[in-house]
Amino acid sequence: MAVTIRHLEEFDEVESFDCGDEALNNYLKRHALTNQQKSSIGVTYVALDESAPRAVLGYFTLATSSVPRDSLPKKYVRGLPPYDLPLILLARLAVDRRFAGRGLGDALITEAFKITLRVADEVGCRCIVTDAYRDRVGWYAKYGFIPIEGTARDGPRKMFLDVRTIRAALKSGSVQE
Amino acid sequence: MPATVKEKSKNTAPSPKVRKSKFQADLAPSEDSMVRVLKAELQMTSNTDFLSDALALFRWAVSERRRGHIIVSESSTGERKILVLPRLERVAPQVALPHVDIQWNDKELESLAKLASGQPAQPTRALVRAMRH
């Protein structure tokens with residue numbers, strides 16, 4: 001299966017998408033395109049099989065955000081540039097369960113990392129942050145996401161990955177388990 | 001009362017002469033006709049005014065695309081058309097992502113600041129493999 005990843009478009013087939021999570025299904029079917037085209041809240045990228053280039057097999061949504069410098073504890077801001085902290089929010093990532101286990105999640109997150117590096121090069125960003133479901137924390141940790149402390153026990157877990165780490169992965173072959 | 005003498009300021013620089021540049025274009029007959037029609041529609045008589053307005057519009061389009069904005073026309077029924085002009089795409093950023101606010105509590109902010117201000121972690125094997133693709 002040859003997979004293409006591109007922006008979500010108006011006539012993409014999303015109605016049959018089922019990742020097993022109603023909130024993620026509903027977002028793709030009802031909100032993703034509007035948020036991308038009209039509300040400018042997030043940009044959704046979709047994975048498609050080249051032989052059926054309208055049927056969405058998986059997706060992720062990105063947005064930028066920033067944390068005001070004066071909201072960060074003083075003891076840490078010395079290590080940061082004197083500006084607000086720019087970051088990328090990986091807002092959602094989901095794969096249709098009929099295509100699970102074929103590496104689509106890996107392909108999607110890899111594309112998200114590449115976009116993150118392009119954004120970092122063009123407008124600057126320090127890290128990528130995601131809200132991971134509790135049962136997916138291990139999957140994100142595999143790529144180096146580190147849990148952010150202080151998130152509520154029952155909700156999604158905020159996780160952090162430094163852009164410098166992604167850049168190092170691109171440049172270097174040195175690895176750490 | 002002593003007579004006041006108005007001293008001529010030695011520092012008064014002559015106002016710089018605004019240089020106007022001439023613009024000459026070889027237009028195909030169809031383009032020439034298009035210019036005439038547009039001038040008539042817009043009730044313009046001079047080519048200078050025409051060029052000036054066209055320039056203002058083009059300048060705006062360039063600035064919008066440079067900021068990553070798309071240029072859209074929308075009909076009264078909501079039908080939308082996006083302007084795609086290859087030359088404009090040259091100034092558009094490769095990636096334009098919208099900006100959102102994230103809710104953080106104090107503990108999360110402390111943890112985030114600690115992570116962001118420290119040394120970056122070494123990439124994991126999965127990340128290195130992903131970035132090789």
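Two residues are taken to be in contact if their C-beta atoms, placed from the backbone, lie within 7 Å. With that in mind, select chain A of this predicted model: among its contacts between residues at least 6 apart in sequence, 61% join residues at least 24 apart.

Stay with chain A and colour it by secondary structure, which shows five helices and seven strands. Followed from the N terminus, these elements come in the order β-α-β-β-α-β-α-β-α-β-β-α. Of the 177 residues in chain A, 41% are buried.

Next, select β4(A), residues 85–95, where 10 of the 11 residues are buried, so that the strand can be described as mostly covered. On one pairing, β4(A) runs antiparallel to β3(A), to which it is joined by 10 bridges; to see one of them, pick A:Thr61, whose bridge partner in β4(A) is A:Arg92. In another pairing, β4(A) runs parallel to β5(A), residues 127–132, and four bridges join the two strands. Here the residue to pick is A:Leu90, whose bridge partner in β5(A) is A:Thr130. Now trace the chain from β4(A) through α3(A) to β5(A), a β-α-β crossover that is right-handed.

Now show chain B as well and turn to the interface, where 50 residues of chain A are in contact with 35 residues of chain B. On the chain A side, the elements that each supply at least two residues are β3 (52–67), α2 (74–77), β4 (85–95), α3 (104–122), β7 (157–162) and α5 (163–171). The helix of the crossover, α3(A), gives the most to this side, with eight residues. Colouring the same side of chain A by residue class brings out 26 nonpolar, 14 polar and 10 charged residues.

Finally, select α4(B), residues 106–117, and place a distance between the C-alpha atoms at its two ends. Why should that distance come to 16 Å? The helix has 12 residues, and at 1.5 Å a residue these should span 16 Å, which agrees with the 16 Å that separates the end C-alpha atoms. Within α4(B), the residues to highlight are B:Glu108, B:Ser111, B:Leu112, B:Ala113, B:Leu115 and B:Ala116, which are buried. Which elements of chain A help to cover the buried residues of α4(B)? The cover includes β3, α2, β4, β5, β6 (146–147) and β7 of chain A, and with β4(A) in that list the tour returns to the strand whose pairings with β3(A) and β5(A) were traced above.

Note on methods
Residues are numbered from 1 along each chain as its sequence is written. Chains are lettered from A and ligands numbered from 1 in the order in which they are written. This is a predicted model: local features need pLDDT of at least 70, side-chain atom pairs count only at pLDDT 80 or more; totals for chains, interfaces and linings use all residues. Ala, Val, Leu, Ile, Met, Phe, Trp, Tyr, Cys and Pro count as nonpolar, Asp, Glu, Lys and Arg as charged, and the others, Gly among them, as polar. A residue is buried if 20 or more other C-beta atoms lie within 10 Å of its own, exposed if 12 or fewer, and partly exposed in between; C-beta atoms are placed from the backbone. Two strands pair if DSSP finds at least two bridges between them. A crossover is right-handed if, with the strands pointing away from the viewer, the path from the first strand over the helix to the second runs clockwise. The expected span of a helix is 1.5 Å times one less than its number of residues.
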